[in-house]
Amino acid sequence: MEQNIYLALRFHTNFYHSYRGDTPDEKGFGKDIRIITSILDDLDRLNGEGIPVQGTWDIENFFSLEKIMPAFSPELIGRLQERVKTGRDAVAPMSWNNGIVSVSTEEEFDQITRWTISNPMGSGLADLFDSWEPVLRPQECMYTPSFLKRYPEQGIQAISLYYSAHPFNGFSNFMPELSLKERYNPLRVVSRDQGGEMIMVPAYNNGDVADHWLSLRRWIKSMRREQLATPDTGDLLLLIDMDADDEFWSGMEIPLLTRLAPSFDGLYRMIRSLDGLDYLKFITAGEYLKTHKPAGTIELNQDTADGSRDGLSSWAEKWSNTHLWTLLNESRRLDRFTDALGGAAAEPPEKTEAREMRLKSLTTTHFGLSSPVMNRHRLQIAGELAARTAELSAQALKQVSSAAAADTEAEILLPPGTAGGTGLVRLRTETHGERKLAENPEDLQTLKGIQLVRTGEEEAGFLYNCPGGEAPQADETGIRNGLVSLESDKAGNSLIRCGE
């Protein structure tokens, strides 16, 4: 049986950076424009010389495809569209907001995924390109086990993370060493704690090329020797993935190194260095999956992210991120209160705007790894977006509260401290006469007319309309629907009572 080695190239594309600004020069996204232009020039040149090399572009939608590229480099979108249309390149999903998808709520996840593919602004992959490959390359290789169920529900069956020996890494530290066939083939990935499954496509980066004697050619030849020495190995896929603004693709211009190591002298010379390897074929990861089944099954139960560690510690340890996260969680909490109090009423426009702004705030760019140092302007934008998100959510809740209370002021329905700090409405049960409402907060979930809204360690109850009850009414002391009432004192303590 003929055995081949397939080479796929993927360019991780995002014009919105944590450590560079919003200017069309080398201090901003001008570097992206320069290097992506170089990549496309090299691909066209190689194709023109009869080398059928292909590229896959996983592109962030909102900041890059919708805002920056149309304004400053529309020709790059046109060139990508032409290469995809003619089957020379492919595009693949990342996330609409360049976001930390693994920390999103279910509602946020659904909107991010839908808008990555198609959105009202026309920046989705299906909006701009003739086709797209359903192989997710998550921003910063961020993964959480719930992906295995939720992404397939949105039509994305495969995910690709780094299987690397050093940063950037994705999942190699969490399992025994994979065999040759498993390292260079798709795998079935499952989690013991979550339902669902996806196809995992291991990826490698320029650091891995450096580990293999600074030579992609030597790496592929060593793979070939192992392939021939191992019975029934079958085909192998080597997927090289790196940021599309990395000098690795355009040439690093390091004296002596780039002359002796063509793999670091730009894409054109790296691919030409592979001449004569008749067993080497060019492909995209999506095309490879059409003809190759998973080579094994792995279990991945951890949250992952690339960087100096494999989890989210490199992000969570920054004090500025704690500030942003507090504001975004405040917005989410207020939105849950709005949903509970509003019932079937139309969603206030402020809540819709808050959710979209929260998604933009959740971009990894605003949080950034512990290094390099964040761009000052980027931190300012992140803080303003997050604060505005919480402000809009508070406005939406106040609007719904006012509507429920008719002409009565309903400020008491806002969680204590919303205007000037933090605070939670606390829940405790109260006996009314000889009738006890509940022994503990968990029992409230079985009572008609009550929805519990979780807020970390504490809970708050809001009233829904229910059979036998009335439409929720509110005044300065609380809200009620004829069956039960939620009353709040000036200290923020909440009493749930049986209605008369």
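A residue counts as buried when its relative accessible area is under 20%. By that cut-off lysine 360, with a relative accessible area of 19%, is buried. The structure discussed here is a predicted model, and lysine 360 serves as the way into its salt bridges.

Lysine 360 forms a salt bridge with glutamate 356, and the closest N and O atoms are 3.5 Å apart. Both residues belong to helix α16 (residues 349-361), where they are four residues apart and so separated by about one helical turn. An α-helix has 3.6 residues a turn, so residues three or four places apart point the same way. Glutamate 356 counts as partly exposed because its relative accessibility is 22%, whereas its partner lysine 360 is buried.

Helix α15 (residues 319-342) holds a pair with a spacing of three residues, again about one turn of the helix: arginine 333 and glutamate 330. The closest N and O atoms of this salt bridge are 2.5 Å apart. Arginine 333 is buried, with a relative accessible area of 7%, and glutamate 330, at 13% relative accessibility, counts as buried too.

The whole structure contains 31 salt bridges. One of them joins the side chains of arginine 88 and aspartate 44, at 3.5 Å from N to O. Arginine 88 lies in the loop between α3 (74-85) and β3 (89-92), and aspartate 44 in helix α1, so this salt bridge ties together parts that are 44 residues apart in sequence. Arginine 88 counts as partly exposed at 27% relative accessibility, and aspartate 44 is partly exposed with a relative accessible area of 31%. The two residues also belong to a network of salt bridges that links Asp41, Asp44, Arg79, Arg83, Arg88 and Asp89.

Helix α1 itself covers residues 30-48, which is 19 residues. From its first C-alpha to its last α1 reaches 27 Å, close to the 27 Å expected at 1.5 Å a residue. Glycine 50 follows α1 and has a positive phi, near 90°. A further contact involves arginine 45, whose charged end sits over the ring of tyrosine 268, 3.6 Å from the ring centre. Elsewhere, the charged end of arginine 378 sits over the ring of tyrosine 16, at 3.8 Å from its centre.

Rings also pair with one another, and the structure holds 19 aromatic pairs. Phenylalanine 11 and tryptophan 57 form a tilted pair, with 4.6 Å centre to centre and 45° between the planes. Phenylalanine 11 is part of strand β1 (residues 5-13) and tryptophan 57 of strand β2 (residues 55-59), so the pair ties together parts that are 46 residues apart in sequence. Both phenylalanine 11 and tryptophan 57 are buried. Ring pairs link them with Phe248, Trp249 and Phe264 into a cluster.

The last element to consider is an open sheet of five strands, in the order β4-β5-β7-β6-β10, with mixed pairing. Its edge strands, β4 (135-136) and β10 (297-299), each pair on one side only. Strand β10 pairs with β6 (residues 187-190) in the parallel sense, over three bridges. Valine 189 stands opposite isoleucine 298 in β10.

Definitions and conventions
Residues numbered from 1 in each chain as written. Predicted model: local features only at pLDDT ≥ 70, side-chain atom pairs only at ≥ 80, totals over all residues. Heavy atoms only, no water. Helix = DSSP H or I, 4+ residues; strand = E, 2+ residues; numbered from the N terminus. Expected span 1.5 Å × (residues − 1). Phe/Tyr/Trp six-rings, centres within 6.5 Å; stacked < 30°, edge-to-face > 60°. Buried < 20%, exposed > 50% of the residue type's maximum accessible area, 1.4 Å probe, protein only. Lys NZ or Arg CZ within 6 Å of the ring centre and 35° of its normal. Salt bridge = Lys/Arg side-chain N within 4 Å of Asp/Glu carboxyl O. Pairing = 2+ DSSP bridges.
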